[in-house]
Amino acid sequence: GLFVTDYFTRTPRKLSPFRSFASIELFHFHIPEDTVIAVWNLITFKEQGGTFGDQCPDRSITVYFRSGAPSVINPLHTHFPRDTAVPGSFALTLTWTLPNRTTGVFNVTSPLPGDWFLAAHLPKDEGKISVKGLYEECQYLFQPQLIVQRLVNIAVLYPGHVTEQSMAPHNRSCLYKVFVPSYTSRVLVEVLRCRGAEGCPLWLRVRAKAPPLHNSTALDCREHTPCQLAQDLPFWQHWYYVLVEKHPGVPGTVSFQVAVQLTDCSRPSLARPPFLPSSASMNMPHSFGSMGGLALGDNPPPPSPNDTKHPIPIPVTSPAGERCWPVRPTLRNELDTFSVHFYIFFGPNVSVPPDRPAVFVINLLPVLDSGGVLNLELRLNVSSLCGENVTVFGCLNHEVPLTSGDNASVTCETESLAGFLLSVNATASLSRLRIPYPQTGSWYLSLRSLCATEHGFEPCSNVTAEVYLRAYLSPCINDCGIYGQCKLLRTNNYLYAACECKAGWNGWGCTDNAEAFSYGFQLLSTLLLCLSNVMFVPPVAIAVRSHYLLEAAVYIFTMFFSTFYHACDQPGIVVFCIMEYDVLQFCDFLGSLMSVWVTVIAMARLQPVVKQASVLYLLGAMLLSMALQMDRHGLWNLLGPSLFALGIMAVAWTARTIRRRHCYPPTWKRWAFYLCPGALIAAAAVLLYAFVETEENYFYIHSIWHLLIAGSVGFLLPPRAKPSRRLGPLPRRKGCGYQLCVNEQEELGLVDPAVASINSICTS
């Protein structure tokens, strides 16, 4: 056949260490129908400071693949919530082959068509809290690329018609496809009139949705006569692919006929009439007519020498009792994103008769509904059992209802199907099922009431069980509980939800308490972070005593908002918020930076030099507010104002030193007992904050940061200005109209220049 190659790529994204599903990077692809091979090219490279990160350490990268919905991953091996079904996925770990680049290849032969999702992450780290902009981080970027090769013009088989084919010696196989509409209980594929050099040297393989593989359902036509392959309970509204493959080493041409018969489960004794425009066939996809097939309302194509189609009667034997029951639809009510309720007509109480199952369908929209959690709840009305030992089994299957025998109702499995089982009885009247990231399409729930006997479960007699059925779609499981936050995430145009846990709780629904913080630990950490701000009380007292009222007001502001910000910022249940979190965070950051600003400006003693020194306080407040609004966690928000204030102080001290020709401050006691200890304490606090603080030690390292910063302020704040003694007028120089008498104590650095006054004005 003719192959067409398609190429898809995605923008590189920065990978993060795994903490929860909210920290992974998700990529969405779409594989077209009739694809025979899909190749993912997984490119990973390092960057550091805008260049190649050759010096960055090698960190393994895990990639997950799943068809239909995102992967439900659990790399930390945490416990899932109760009643949660975990769908499987495939994982691949990439190793580095070059210092700054590696490439992995993942091949999928005959992949399922539709949506495919890739999830990638780095291994979990120690959770170090780094200051943004302090150093160039190592970034690990991941870019997946997809190359698909698909067949075009695949021959379409029509139910009830025969297709003749001759396989030349150089051909190995022939591929066909047939569309299976709704309410089909059986697909029968048969090879007729097979003629070859060694009898019928053919393999017959059948697979749903994609071309068959080597492990697909197969039949050797040399050992089976007639060569018939049946598929019971096929997937509705999907293509089934038929591969007729020649045995290796068979010479000559092999001719044969292929026929397909579909059994309508609403009429189990009859096959589906060929080309009957039934209600089910009206839902046939448009590609049925575009792939060289038959559009609705058309006549069968005319016969050709090598490929003819004509109706023939094919005897069909349907299993006894195999029939389909009416499928009751559900009403979809969308409340919000991933918040959808499915209401049952004349429900939510459902009557389950003893002689037949009750079948319901839940339709999940493509792409839109696969990022949430599908929830089912069954509650049995015990009073409706009339004393009988009745058990109601519910089987939830994707794309086809399970309505076969009693044993299948109990196990929810057949040879070709596997569903999710729910059961309720008089002793356990409530059953729940949660499916995170469900595959989209039609989900069928079959309810069957059976009575327990000595020989197992058997159909009940004259007992109609009544159950309460609730089906809904939610963003997260139980809204992530009290120790988690349900986050709505987006990757390109795809939305999905995930839990982000806190206080040491883990798991898909934040229900794994293996590493959870106890209540006492949460209370201790909250008290440490809040009460450590009391250390600002001594600096406030020193500032008030030294007549630094503006500085004292800033310290009180910082102490107040830092206390209540950390009371609101706790991850557990010991939380107290007096304002919105964003307001408290802004005020805490602003108070911290303003405390540094006003302390350094006070140390500069600018009043004799700049008459309106208060302008600097106002200017600092405005600039710091602007910087925090731009980026609250940036390094230069802390260093920029601090360095600017230190520069002002250095200029002022240098000017005094040059004017007096003596080091300022002039006394060694001021340096030895105040300035040097204060500077060392502040430097230790900055080092702890920048290099030692992690998520695990945050509560006590950050408390030490509070203590050290507040203590350094008490050492660095200048002393109170001593009252100046009035000096006599200096000798008047001739020609001088006015003479300024200067306080000599201020010149020696013994008093506060902010309160230094002009002693006298000499008039002529």
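**Reading burial, pairing and annotation in a predicted model**

Me: Is Ser703 buried or exposed?

Reply: Ser703 counts as buried, because its relative accessibility is 5% and the cut-off for buried is under 20%. Keep in mind that this is a predicted model.

Me: Where is Ser703 found?

Reply: Ser703 belongs to helix α10, which covers residues 698-716.

Me: Which residues is Ser703 in contact with, leaving aside its neighbours within four places in sequence?

Reply: With those neighbours set aside, the contacts of Ser703 are Leu528, Leu529, Ser532 and Tyr698.

Me: Which residues does the UniProt annotation "transmembrane region" cover?

Reply: The annotation comes from an unreviewed UniProt entry, and it covers residues 516-536, 548-567, 573-597, 609-628, 634-655, 671-692 and 698-717. An annotation of this kind may be inferred rather than shown by experiment, so read it next to the model.

Me: How much helix does the chain have over residues 516-536?

Reply: Residues 516-536 are 62% helix and 0% strand, with 32 Å between the end C-alpha atoms. For residues 548-567 the figures are 95% helix and 0% strand, and the end C-alpha atoms lie 29 Å apart.

Me: What does UniProt list for residues 499-510?

Reply: The unreviewed entry gives "domain: EGF-like" for residues 499-510. In the model this stretch is 0% helix and 25% strand, and 7 Å separates its end C-alpha atoms.

Me: How many helices and strands are there in the chain?

Reply: The chain has 11 helices and 36 strands. Of its 764 residues, 49% are buried. The chain exposes about 37300 Å², and carbon and sulfur atoms supply 59% of that area.

Me: What share of the contacts with a separation of 6 or more comes from residues 24 or more positions apart?

Reply: Such residues account for 76% of those contacts.

Me: Next, a sheet. In what order do the strands β3, β9, β6 and β7 form the open sheet?

Reply: The order is β3-β9-β6-β7, and the pairing is antiparallel. The edge strands are β3 (25-31) and β7 (90-94), each of which pairs on one side only. On average, neighbouring strands of this sheet are turned by 20° against each other, direction ignored.

Me: How many bridges join β6 to β9?

Reply: There are 6 bridges between strand β6 (residues 61-67) and strand β9 (residues 114-121), and the two run antiparallel. To take one position, Arg66 has Phe117 in β9 as its bridge partner.

Me: Why can side chains of opposite charge pair?

Reply: The general idea is that such side chains can pair when their charged atoms come close. In this structure there are 17 salt bridges. One of them joins Glu25 and Arg13, whose closest N and O atoms are 3.5 Å apart. This pair links distant parts of the chain, with Glu25 in strand β3 and Arg13 in strand β2 (residues 13-14), 12 residues apart.

Me: Is Glu25 buried or exposed?

Reply: Glu25 is buried, at a relative accessible area of 19%. Its partner Arg13 also counts as buried, at 17% relative accessibility.

Me: Which side chain meets Asp58 in a salt bridge?

Reply: Lys46 meets Asp58, and the N to O distance is 2.4 Å. Asp58 sits in the loop between β5 (51-52) and β6, while Lys46 is in strand β4 (residues 35-48), so the pair links distant parts of the chain, 12 residues apart. Asp58 counts as exposed at 51% relative accessibility, whereas Lys46 counts as buried at 0%.

Me: Which residue forms a salt bridge with Glu334?

Reply: Glu334 pairs with Arg332, with 2.8 Å between the closest N and O atoms. Arg332 is partly exposed, because its relative accessible area is 25%.

Me: Which residues are linked in a network of salt bridges?

Reply: Glu377, Arg379, Arg432 and Arg470 are linked in this way.

Me: One loop to finish. Where is Tyr158 found?

Reply: Tyr158 lies in the loop between β11 (155-156) and β12 (161-167). Tyr158 counts as buried, with a relative accessibility of 3%. Its C-alpha atom is 8.9 Å from that of Lys177, and the two residues are 19 apart along the chain.

Methods. Residues are numbered from 1 along each chain as its sequence is written. This is a predicted model: local features need pLDDT of at least 70, side-chain atom pairs count only at pLDDT 80 or more; totals for chains, interfaces and linings use all residues. Side-chain values use heavy atoms; hydrogens and water are left out. Two strands pair if DSSP finds at least two bridges between them. Helices (H or I, at least four residues) and strands (E, at least two) are DSSP runs, numbered from the N terminus. Axes are lines fitted to C-alpha atoms, for helices over the stretch in contact, and angles run from 0 to 180 degrees between N-to-C directions. Buried means under 20% relative accessible area, exposed over 50%, partly exposed in between (1.4 Å probe, protein chains only). Contact means heavy atoms within 4.5 Å. Accessible areas come from the Shrake-Rupley method with a 1.4 Å probe; for residues, only the protein chains shown count as cover. A salt bridge is a side-chain nitrogen of Lys or Arg within 4 Å of a carboxyl oxygen of Asp or Glu.
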